[in-house]
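This briefing covers how two protein chains meet. Look at the structure first, then read the points by topic.

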There are 2 protein chains.
Amino acid sequence: MDLKELGEFGLIEEIKKGIEVPEGYLGIGDDCAVMPQKSGMETLVSTDMLIEGTHFLMDDISAYRLGWKSAAVNISDIAAMGGRCTGSFLSFALPKGLGKEWTDEFFRGYKEISAIYGCPLLGGDTTSSPDRLCISVTVTGEAPAGKSVKRSNAAIGDLICVTGNLGDSGCGLKLILEGCERDADAEKLIARHYLPMPRVKEGMEIAAAGASAMMDISDGIGSDLRHILKESGVGAVVDTGSIPVSDEMKRKCAQMGWDALEIATSGGEDYELLFTISPENEKRVAVGHHIIGKIVPGNGIEWKGNEDKNYMGYRHF
Amino acid sequence: MDLKELGEFGLIEEIKKGIEVPEGYLGIGDDCAVMPQKSGMETLVSTDMLIEGTHFLMDDISAYRLGWKSAAVNISDIAAMGGRCTGSFLSFALPKGLGKEWTDEFFRGYKEISAIYGCPLLGGDTTSSPDRLCISVTVTGEAPAGKSVKRSNAAIGDLICVTGNLGDSGCGLKLILEGCERDADAEKLIARHYLPMPRVKEGMEIAAAGASAMMDISDGIGSDLRHILKESGVGAVVDTGSIPVSDEMKRKCAQMGWDALEIATSGGEDYELLFTISPENEKRVAVGHHIIGKIVPGNGIEWKGNEDKNYMGYRHF
């Protein structure tokens, strides 16, 4: 079905379907969304833009997966502060070629992940684009006042931890870009790239345990860890042998002759959490995580076990 | 200066300059912005997307004016609920041709209007675009809990009011599009198109006076008033002779042979406020406004004085 036939307001009616707006909230359909405020809490806001040709290619990603991922990358930023999601706002500019079948699939993916994370779509903007699809998502969340975990408080002696395997997503992307054969391992890695599961519950637990700094891993720890170090004015020693890597990725890298450590540190888009925490508080972390290093005086990262390398993470520009 | 030279993080450092982040807030530089919550208040969120080739042409609008307008259209949505602004989030995808001179001017405009409205830039996303400039702005605001003015409560007998002259912006756009001579009247009308001044203070006063419904006029009252009517389940009689029109527009329309009433009702982008209010409460409205009609039983708009016309407002699709 052509979207012109449906019209802007018809499309918005379609989008509204199946969204559970919490009591006391005002969702899609007015000038603004409205959310109640509670004393003792703070509001978190994160926003990301995805452009066809820069962040994705229409031939490479299904509408469902693009919808999922558009929400996931922002939900992950809420996780990175130790917050819970309260709502999302989606703006998109649609090129003429896309019809209702495409938007239906896109919203199926967007709404599925939104429902999993209790993050209702509360507003946005629908417009047309002369050519490329352009998507912008803003997610709001909340955390107990003063308890959001920032990047700036890592202290000397803190442990450096991550919540899961690194590099799967980057390896999946490499498999797509190089047109590799899609065996079972490859499919798993590619799914990790397209359907990330942000670590919201883990982030809340880690914040409650007393993490000193936290962020989500979107550009690889070779880049992301440096943000924490810079903001906190400290350095890091990372034990490269402790970086958790999946069996699928190990097998695939061995098969292709790829450097697994390079991918694990620089591949990007893992959406795992990277955090620092004192050794005492680390014992209180009730969710799965791996200790990969330690905060030390100085600046920059020493890669113990691979001292001759300097992994820098994914570069945007 | 080439932005590649400055780099993503260099650009972000430039953007941060001169922004006053209120105490207790966390602005640009972490995974999320953080804003304190207060009991007795509610949070307002609005978002809009502007695409080169759909919403603006680079040759037609200066970087300064585009920066101003990008913020203005969202600030106006906060005004439309009777709220005050608390912060903004700006994402943009820059095509390669644009250098630091362009972004400097864009941010000068964006920050000037943000400072006027006390709406600090608290976060966003900077990325690259293969060709077209794409901008997405989200603005947050707040209002006393339960006091945001929605579109759905217009009641029979309420007066229909607007805060200022209608059609100036639409007339300015028409002058640009038709390449007309830019005399003093034309320049004033064009400035109203490029540098709208959202009615935030007026919106707060009107809300406090007890308006029953309110929205900002972005598509012309021929379209916007219909949203209030539909959401409230009522009809309207508009006295076309009472629609306020500027002298500049009157003169320009007479000169060009344009239908001033058509432009005033369908021109769009006025960013004045349209509200309904009981006759008793209307007396309490302490800011300038014009009564243009009355809410009646039924649906749709009767244009008193021009009964044969049916102005429909600006059409996006």
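In this predicted model, A:Glu42 stands opposite B:Pro36, a residue of strand β1 of chain B. The strand pairing behind this spans the two chains: β2 of chain A (residues 41–51) and β1 of chain B run antiparallel and are joined by four bridges.

**Extent of the contact**
- Chain A and chain B each bring residues to the contact: 61 from chain B and 61 from chain A.
- Between them the two chains bury about 5100 Å², and 57% of that area is on carbon and sulfur atoms.

**Polar contacts and what chain B supplies**
- Between chain B and chain A there are 28 residue pairs in polar contact, counting pairs with both residues at pLDDT 80 or more.
- Several elements of chain B each supply at least two residues of its side that touches chain A, among them the helices α1 (3–16) and α2 (63–79) and the strands β1 (33–36), β2 (41–51) and β3 (84–94).
- Further elements that do so include β4 (121–128), β5 (134–144) and β7 (213–216).
- Strand β2 of chain B gives the largest share of this side, ten residues.
- Sorted by class, the side of chain B that touches chain A has 25 nonpolar, 20 polar and 16 charged residues.

**Salt bridges**
- Over all chains, the structure holds 42 salt bridges.
- Six salt bridges are counted between chain B and chain A.
- One salt bridge is formed by the side chains of B:Asp31 and A:Arg151, with an N to O distance of 3.0 Å.
- Another salt bridge has B:Arg151 and A:Asp31 as its partners, with their side chains at 3.0 Å, N to O.
- This pair joins two chains, because B:Arg151 lies in the loop between β5 and β6 (159–162) of chain B, while A:Asp31 lies in the loop between α1 (3–16) and β1 (33–36) of chain A.

**Relation of the two copies**
- A turn of 180° with a shift of 0.0 Å along the axis lays chain B on chain A, with an RMSD of 0.0 Å.
- The two copies are therefore related as by a two-fold rotation axis.
- Which residue of chain B comes closest to the rotation axis? B:Ser39 does, with its C-alpha at 2.3 Å.
- The copies meet through the same surface, because 100% of the interface residues of chain B are also interface residues in chain A.

Note on methods
Residues numbered from 1 in each chain as written. Chains lettered and ligands numbered in written order. Predicted model: local features only at pLDDT ≥ 70, side-chain atom pairs only at ≥ 80, totals over all residues. Heavy atoms only, no water. Contact = heavy atoms within 4.5 Å. Buried area = accessible area lost by both parts, 1.4 Å probe. Salt bridge = Lys/Arg side-chain N within 4 Å of Asp/Glu carboxyl O. Polar contact = N/O pair within 3.5 Å; in protein donor to acceptor, adjacent residues only side chain to side chain. Nonpolar A, V, L, I, M, F, W, Y, C, P; charged D, E, K, R; others polar. Pairing = 2+ DSSP bridges. Least-squares fit on C-alpha atoms with pLDDT ≥ 70 in both.
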